[in-house]
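Me: I have a structure open and I'd like to learn how to read it feature by feature. Could you walk me through it?

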Amino acid sequence: MKKLEKFLLFLTILLVVFNLTQLNIYNFLEDENKIALICFLLSLCALILVLILIISKRIRDKNKGT
């Protein structure tokens, strides 16, 4: 299961970087840029969810040991 979590973390980081490269800084208010910005924010949300999953499993494993 840890390999799957690391793989998901890697994929979400790749999505964040990819969507960040799609943003056009010079014309920030274009329609295409809005889509890239929304995708960037959604990939950040996915990254946060994967990190919460990993941290909650670590906490669960610590509580099992005591």
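## Reading the salt bridges and helices

Reply: Sure, let's start with a charged pair: arginine 60 makes a salt bridge with aspartate 61, and their closest N and O atoms sit 3.9 Å apart. Keep in mind that this is a predicted model.

Me: Which distance cut-off decides that a pair like arginine 60 and aspartate 61 is a salt bridge?

Reply: The general idea is a side-chain nitrogen of Lys or Arg within 4 Å of a carboxyl oxygen of Asp or Glu. Here the closest N and O atoms of arginine 60 and aspartate 61 are 3.9 Å apart. Both partners are partly exposed: arginine 60 has a relative accessible area of 44%, and aspartate 61 comes in at 41%.

Me: How many salt bridges does a search of the whole structure find?

Reply: Two. The other one to look at joins glutamate 5 to lysine 57, with the closest N and O atoms 3.1 Å apart. Glutamate 5 belongs to helix α1 and lysine 57 to helix α2, so this pair ties together parts that are 52 residues apart in sequence.

Me: Are glutamate 5 and lysine 57 buried or exposed?

Reply: For that call, buried means under 20% relative accessible area. Glutamate 5 has 11% relative accessibility and counts as buried. Lysine 57, at 19%, counts as buried too.

Me: What does lysine 57 touch, leaving aside its neighbours within four places in sequence?

Reply: Met1 and Glu5. So Glu5 turns up both as a contact of lysine 57 and as its salt-bridge partner.

Me: Now the helix itself. How do I read the length of α1?

Reply: Compare its end-to-end reach with the ideal rise. α1 has 20 residues and spans 29 Å from first C-alpha to last, close to the 28 Å expected at 1.5 Å a residue.

Me: And which residues of α1 are buried?

Reply: Glu5, Thr12, Val16 and Asn19. They cover an arc of only 75° around the axis, which puts them on the same side of α1. The general idea is that an α-helix has 3.6 residues a turn, so residues three or four places apart point the same way.

Me: What do the buried residues of α1 pack against?

Reply: They pack against α2, residues 31–65. Serine 43 lets you see it from the other side: this residue is found in helix α2 and is buried, with a relative accessible area of 4%. Not counting neighbours within four places in sequence, serine 43 is in contact with Leu15, Val16 and Asn19.

Me: Which exposed residues sit on the face of α1 turned away from its buried side?

Reply: Lys3, Lys6, Phe10 and Thr21. Phenylalanine 10 also belongs to a nonpolar surface patch, together with Met1, Leu4, Phe7, Leu8, Leu11 and Leu14. The patch has about 700 Å² of accessible area in total.

Me: One more from α2: where does leucine 37 fit in?

Reply: Leucine 37 is found in helix α2 and, at 29% relative accessibility, counts as partly exposed. To read its surroundings, skip residues up to four places away in sequence: leucine 37 then touches Leu23 and Phe28.

Me: How far apart are the C-alpha atoms of leucine 37 and leucine 23?

Reply: They are separated by 6.7 Å, while the two residues are 14 residues apart along the chain.

Note on methods. Residues are numbered from 1 along each chain as its sequence is written. This is a predicted model: local features need pLDDT of at least 70, side-chain atom pairs count only at pLDDT 80 or more; totals for chains, interfaces and linings use all residues. Side-chain values use heavy atoms; hydrogens and water are left out. Patches are made of residues with over 30% relative accessible area and no salt bridge: like charges are joined within 9 Å, nonpolar side chains (Val, Leu, Ile, Met, Phe, Trp, Tyr) within 5 Å. Accessible areas come from the Shrake-Rupley method with a 1.4 Å probe; for residues, only the protein chains shown count as cover. Helices (H or I, at least four residues) and strands (E, at least two) are DSSP runs, numbered from the N terminus. The expected span of a helix is 1.5 Å times one less than its number of residues. Buried means under 20% relative accessible area, exposed over 50%, partly exposed in between (1.4 Å probe, protein chains only). The arc is that of the directions from the helix axis to the C-beta atoms. Contact means heavy atoms within 4.5 Å.
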